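Me: I have a structure open and would like to learn how to read its features one at a time. Could you walk me through it?

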Amino acid sequence: MSEVIALVDFGNRLKALRKAKDISQEQLAKRMGITKSMISAYELSMRMPSYQVLLKIARFFNVTIDYLLGLSDDNFLNTSGLTDK
């Protein structure tokens, strides 16, 4: 059951991030080195990306993988309280 929730969260979050950046599925697919149909499958919660594609997506949108997977509502890494060491 939690796999289904993660799939839906990922699809919804990917679509929202893509729309906020005002790019098409085709444009995102080209950036990720995959097909438009794969982006569509992700957004429709039919498939999950490979680990490598997940990393590319996180880097492209400057968000954490936890955010993409719905494990956190923070879309950035909180480094407060850390020292230079």
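**Reading the fold, step by step**

Reply: Happy to. Buried residues make up 34% of the 85 residues in the protein chain. Keep in mind as we go that this is a predicted model.

Me: Good to know. How many helices and strands are there in the protein chain?

Reply: The protein chain has five helices and zero strands. Followed along the sequence, the pattern reads α-α-α-α-α.

Me: And what can I say about the surface and the contacts overall?

Reply: The accessible surface of the protein chain is about 5900 Å², and 52% of that belongs to carbon and sulfur atoms. For contacts, take the pairs at least 6 apart in sequence: 52% of them join residues at least 24 apart.

Me: Let's go inside. Which residues touch the most other members in the largest nonpolar core?

Reply: That core holds 19 residues, and those touching the most other members are Phe 10, Leu 14, Leu 28, Ile 57, Phe 61 and Leu 68. Two or more residues come from each of helix 1 (2–20), helix 2 (25–32), helix 3, helix 4 and helix 5. Helix 4 gives the most, with six residues.

Me: Could we look at some of those residues one by one? Where is Ile 57?

Reply: Ile 57 sits in helix 4. Its relative accessible area is 0%, so Ile 57 is buried. Leaving aside neighbours within four places in sequence, Ile 57 is in contact with Phe 10, Leu 14, Met 32 and Leu 68. For the last of these, the C-alpha atoms of Ile 57 and Leu 68 are separated by 8.7 Å, with their positions 11 residues apart along the chain.

Me: Then Leu 68 next. Is Leu 68 buried or exposed?

Reply: Leu 68 counts as buried because its relative accessibility is 0%. Leu 68 lies in helix 5. Not counting residues up to four places away in sequence, Leu 68 touches Asp 9, Phe 10, Arg 13, Leu 17, Leu 54, Ile 57, Ala 58 and Val 63. You can also check a pair that is 54 residues apart along the chain: the C-alpha atoms of Leu 68 and Leu 14 are separated by 7.0 Å.

Me: What about a charged residue? Is Arg 18 buried or exposed?

Reply: Arg 18 has 8% relative accessibility, and therefore counts as buried. Arg 18 belongs to helix 1. Beyond residues up to four places away in sequence, Arg 18 touches Ile 23, Ser 24, Gln 25, Leu 28, Glu 43 and Phe 61. One of these partners, Leu 28, is 10 residues from Arg 18 in sequence and 7.6 Å away in space, C-alpha to C-alpha.

Me: How do I describe a pair of packed helices?

Reply: The general idea is that two packed helices are described by the angle between their axes and the distance between the axes. Here, helix 2 and helix 3 pack at an angle of about 110 degrees, with axes 8 Å apart. Since angles from 65 to 115 degrees count as roughly perpendicular, helix 2 is roughly perpendicular to helix 3.

Me: Which residues in helix 2 and helix 3 meet?

Reply: From helix 2 come Gln 25, Glu 26, Leu 28 and Ala 29, which meet Lys 36, Ile 39, Ser 40 and Glu 43 of helix 3. Sorted by class, this contact has three nonpolar, two polar and three charged residues. While you are looking at helix 3, note its buried residues: Ile 39, Ala 41, Tyr 42 and Glu 43.

Me: Now the backbone. What should I look for in the phi angles?

Reply: As a rule, most residues other than glycine have a negative phi. Ser 45 has a positive phi of about 60 degrees although it is not a glycine. Ser 45 is in the loop between helix 3 (36–43) and helix 4 (51–61).

Me: Where is Asn 62, and what is its phi?

Reply: Asn 62 lies in the loop between helix 4 and helix 5 (65–68). Phi of Asn 62 is positive too, near 60 degrees, and the residue is not a glycine.

Me: Are these two residues buried or exposed?

Reply: Ser 45 has 18% relative accessibility; buried means under 20%, so Ser 45 counts as buried. Asn 62 has 65% relative accessibility and therefore counts as exposed.

Key: Residues numbered from 1 in each chain as written. Predicted model: local features only at pLDDT ≥ 70, side-chain atom pairs only at ≥ 80, totals over all residues. Heavy atoms only, no water. Helix = DSSP H or I, 4+ residues; strand = E, 2+ residues; numbered from the N terminus. Buried < 20%, exposed > 50% of the residue type's maximum accessible area, 1.4 Å probe, protein only. Core = buried A, V, L, I, M, F, W, Y, C linked by side-chain atoms within 4.5 Å. Contact = heavy atoms within 4.5 Å. Areas by Shrake-Rupley, 256 points an atom, 1.4 Å probe, with all protein chains shown as cover. Axes fitted to C-alpha atoms, helices over the stretch in contact; angles between N-to-C directions. Parallel < 35°, antiparallel > 145°, perpendicular 65-115°, else oblique. Nonpolar A, V, L, I, M, F, W, Y, C, P; charged D, E, K, R; others polar.
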